[in-house]
Structure formats: C-alpha cells, structure tokens
Amino acid sequence: MSARIEVELGARSYPIVIEAGLLDRAAQHLAPLSPARTMAIVTDANLAPHLATLQAALTAAGVRNEAIVLPPGEATKSWTQLAALCDRLLEIGVERGDHVVALGGGVIGDLVGFACAILKRGCHFVQVPTTLLAQVDSSVGGKTAINTRAGKNLIGAFHQPALVLIDPSVLQTLPLRELRAGYAEVVKYGLIDDPAFFAWCEAHGAALLAGDPDARSHAIAHAVAAKARIVAADEHETNGTRALLNLGHTFGHALEAEAGFTGALIHGEGVAAGCALAFGYSVARGLCAPEDAARVSAHWRDVGLPDGLAAAGIAASGERLVAHMRHDKKMTAGTLPFLLARGIGRTYLDKTVDLTDVATFLDAQPRAGVA
Ligand SMILES: NC(=O)c1ccc[n+]([C@@H]2O[C@H](COP(=O)([O-])OP(=O)(O)OC[C@H]3O[C@@H](n4cnc5c(N)ncnc54)[C@H](O)[C@@H]3O)[C@@H](O)[C@H]2O)c1
Ligand SMILES: [Zn+2]
C-alpha cells in the first residue's frame, strides 16, 4: 500500500508519503532535493540498521551524504546538543537551500527541525520518522523544540518540513512498549472527532500491535490525514482546532511529571491514562455517557495501556497532580483549558474547568497502592 497526503499550507505545503519499504527507495524522493553538496542525515544510535539502508540507497543514487549520530533519549533535546548539531551542520557546509534529513523518533525530529529553523535563519528539512508516535504525530505539523531546566518543549519554533517519508516497516525494530505508546496517539484521533475510527481501533488495534502490516499502514495513513487536516486548519494553534490534539495530555503530563520523566511512565502511556481520566471527568461533570468512558478504558486494557491512575502506577493525591497542571504552559490568567468529551468522537475545549474540582475527581479515582 502506498499513500500520499498533502499538508495544505499555501507556500509551506508539503507531501507525506507512506509506503512499506520506502527507506530502500528514499533516493527517488531525496535525490531531486539534493544539489551537488553533501546531504546531512541526523539520527540516533538505535537506528543503525535503518541508517545503513538509507545511506546505501542515497549512495547508489549518487547522492553524497554524511551521518550525524546522536545519543538516543529525551535528554538529546537540549541546548548542548542543539549547539553541537548546528556546529556540525555548518562544518558539513549546509546552505539555506539544502535539505537536512531527520531519521528517528520525535526526539530527533524536534531537535533537527529546530536546528533547521535557526541555521542560517532557516534551511529545509525532511522528516523520516521511525517511531509510531513520530509517524502519526510529531513529524507532521512543524512544531519543533528542545527542553530546558524549566520544562519540556519550552524553546522552539514552528518550522514545517519540506517532505515527510514514512516507512511503516521500520517499526519492526521498535520495542513493543514504544509501539504501544505511539498507538495511544493513534486512538486519540478517533476519540477527538472520528467515532468510526475508534471502532476500527477496537477491532484492529491488537493486530496492529502484533505486527499486521496492513493494519499499521491503514492506521498511519488515517491518523496522518487527520493531523494534516488539523494543522491546515490551525497551523500556529491559535483558533482552538489544533488544541484538540492535546486530548488526554493535561492529565497525562501531570502523571508523567509525577512519575518523574524517568522512563517509569512514557509519554503515550501518560496520554492513554490521561484520555481515560478526561473521559472519566467528563462523566463526572454530566457531559458524557458512562458507557463511552467505559469503552475507552476497556480498549486501553485490551491492548495493555494504562486506563487510569492505578494502572499508571500513580499514588499521588489529587492536589499534588493538580499542582503539576498549574505549571502547564497552556495555563493563562489562572485558568487551564481542558479537552473534555460529550462522547467518543465528540471532544471540545472547555475553559471553565476549576482545578479544585479536578483534584476532588482525582482523589476519588482508584490509585496505585491504595485499596
Ligand atoms: N513536534 C510535535 O508535534 C510533537 C508531538 C508529539 C511528541 N513530540 C516529541 O516527541 C518526543 C517523543 O518521541 P518518540 O516517542 O518518538 O521518542 P524517541 O525519539 O525518544 O524514540 C523512542 C526510542 O525508540 C528508539 N527508536 C526510534 N525508532 C526506532 C526504531 N525504528 N527501531 C528501534 N528503536 C527505535 C529511539 O532511539 C528511542 O530510544 C518527545 O520529545 C515529544 O515532546 C513532538
Ligand atoms: Zn502526545
């Protein structure tokens, strides 16, 4: 299966190509972008086999290329790595018209995108995402960032890629835990505004996680099309449309912060538990039928993702979790917008949520270590 989806952003429009085995054929897409100079490929050390495939394809097509291999992990999205990467790209001789390739998960994509936003006041870059999360979410839409002591993604820029190449077969080497975490972001698109896709996930999610290539390609194409539509409607997150992508993230980030960003709870796991809590809270507010919230939790349990505080290993009090939310960068003038749901596929942005009420709701949830 091969799919091509366009992100419609006027002069900044770009195609996303989704095709199993695409890495072998990447030169078809990359060679026309490459002038006589060297094409820089930035990646992390866990991607050696895929880097070898890409470099072999480029070299066979006569495209000179050079790899920059960074350490894997969230800590790579740092000032130190950004500075070192910019220096290396300048040494290689990257010019404004050149295209730098980001081969990796969201960490590599976010860092390379930001470096390319500022290198010579902006050069092009191509996303070649290799985690399910990056394939369905972070590689599309142009949000780039690094982390600082004050928090995640606080320094960054909007900088759209020139092209996104998605090869679902690279997921064969991705650890199951990372795959599941990315799957939470896939399901999120169904929960936001697409109940038929949520039903598809209920029927095919287990097969997707087990490796079914058709299920993987279908889900990626469907999720990417949804993200492309949302980004085209609200590129810079100003009219509320793009904010829908944060479903489950306000609760999720609080759980991640409580778990300590140590790897005990990875992002997609926080998002899964966070979606279950957003639906649970919507039920508590009388907005959503309990059956819909129960379906969300049941699906997370079916595929081995956490469906709430207990499964996410969180024992903290409601007040402590809400304290993490107060540091959210979306907090403005004392209120935090929440994504709530009137049902599956019926998510909306609610600016009237009282954090004390959220704390009371969280205190009533079963939690780790509490009978
Ligand atoms: N820009 C956006 O719109 C956006 C959206 C969501 C998330 N993000 C960012 O994305 C980051 C998380 O991305 P992620 O979940 O992809 O994490 P990641 O990039 O850290 O990748 C997860 C792990 O998998 C390894 N890996 C990647 N591809 C592999 C493969 N094919 N085979 C084997 N191992 C592989 C990596 O080396 C890493 O150890 C966070 O920093 C988050 O803030 C950005
Ligand atoms: Zn996310």
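Which residue lies over the face of Y348, and at what distance from the ring centre? In this predicted model, the residue is R342, which lies over the face of Y348 at 3.8 Å from the ring centre. A comparable arrangement is found at Y189, where K188 lies over the face of the ring, at 5.6 Å from its centre.

Y348 also leads to a second set of contacts, this time through polar atoms. The side chain of D350 makes a polar contact of 2.8 Å with the side chain of Y348, and a further polar contact, of 2.6 Å, joins the side chains of D350 and T352. D350 itself is found in strand β11, which runs over residues 347-350. With a relative accessible area of 7%, D350 is buried, because the cut-off for a buried residue is a value under 20%. The side chain of this buried aspartate therefore has polar partners in both Y348 and T352.

From the charges over rings we may turn to rings that pair with one another. The structure holds five aromatic pairs. In one of them, the rings of F251 and F361 have their centres 6.4 Å apart and their planes at 65°, and the pair is therefore edge-to-face, since planes over 60 degrees apart are counted in that class. F251 lies in helix α9 (residues 249-259) and F361 in helix α13 (residues 355-363), so that the pair ties together parts that are 110 residues apart in sequence. Both partners are shielded by the protein: F251 is buried, with a relative accessible area of 2%, and F361 is buried as well, with a relative accessible area of 10%. The pair also belongs to a wider group, for ring pairs link F251, Y281, F338 and F361 into a cluster.

The ligand site offers another way into the structure. Ligand 1 is surrounded by 25 residues, of which the closest are D44, K77, T130, T131 and T173. By character, the residues of this shell divide into seven nonpolar, nine polar and nine charged. Several elements take part in the shell, and α4 (106-118), α5 (132-138) and β8 (151-158) each supply at least two of its residues.

Individual polar atoms can be followed from the ligand to the protein. An oxygen atom of ligand 1 is 3.1 Å from a polar backbone atom of V107, while a nitrogen atom of the ligand is 2.9 Å from an N or O atom in the side chain of D110. A polar side-chain atom of N153 lies 3.2 Å from an oxygen atom of ligand 1. Taken alone, ligand 1 exposes 870 Å², and the protein buries 87% of that area.

N153 deserves a closer look, as several features meet there. The residue lies in strand β8, and at 26% relative accessibility N153 counts as partly exposed. Its backbone is also notable. Most residues other than glycine have a negative phi. N153, however, has a positive phi of about 60° although it is not a glycine. The backbone nitrogen of N153 lies 2.9 Å from a polar atom of the side chain of N147, whereas a polar atom of the N153 side chain lies 3.2 Å from an oxygen atom of the ligand.

The contact with N147 can be traced one step further. N147 is found in strand β7, residues 143-148, and is buried, with a relative accessible area of 13%. The side chain of N147 makes a polar contact of 2.8 Å with the side chain of E74. The path thus runs from E74 to N147, from N147 to the backbone of N153, and from the side chain of N153 to ligand 1.

Two loop positions complete the tour. E237, in the loop between α8 (213-233) and α9, has a phi near 55°, a positive value in a residue other than glycine, and at 26% relative accessibility E237 counts as partly exposed. P175 has its place in the loop between β9 (163-166) and α6 (176-193), and is partly exposed, with a relative accessible area of 48%. The C-alpha atoms of P175 and G142, which are 33 residues apart along the chain, are separated by 26 Å.

Terms used. Residues numbered from 1 in each chain as written. Chains lettered and ligands numbered in written order. Predicted model: local features only at pLDDT ≥ 70, side-chain atom pairs only at ≥ 80, totals over all residues. Heavy atoms only, no water. Near = heavy atom within 4 Å. Polar contact = N/O pair within 3.5 Å; in protein donor to acceptor, adjacent residues only side chain to side chain. Areas by Shrake-Rupley, 256 points an atom, 1.4 Å probe, with all protein chains shown as cover. Helix = DSSP H or I, 4+ residues; strand = E, 2+ residues; numbered from the N terminus. Nonpolar A, V, L, I, M, F, W, Y, C, P; charged D, E, K, R; others polar. Phe/Tyr/Trp six-rings, centres within 6.5 Å; stacked < 30°, edge-to-face > 60°. Buried < 20%, exposed > 50% of the residue type's maximum accessible area, 1.4 Å probe, protein only. Lys NZ or Arg CZ within 6 Å of the ring centre and 35° of its normal.
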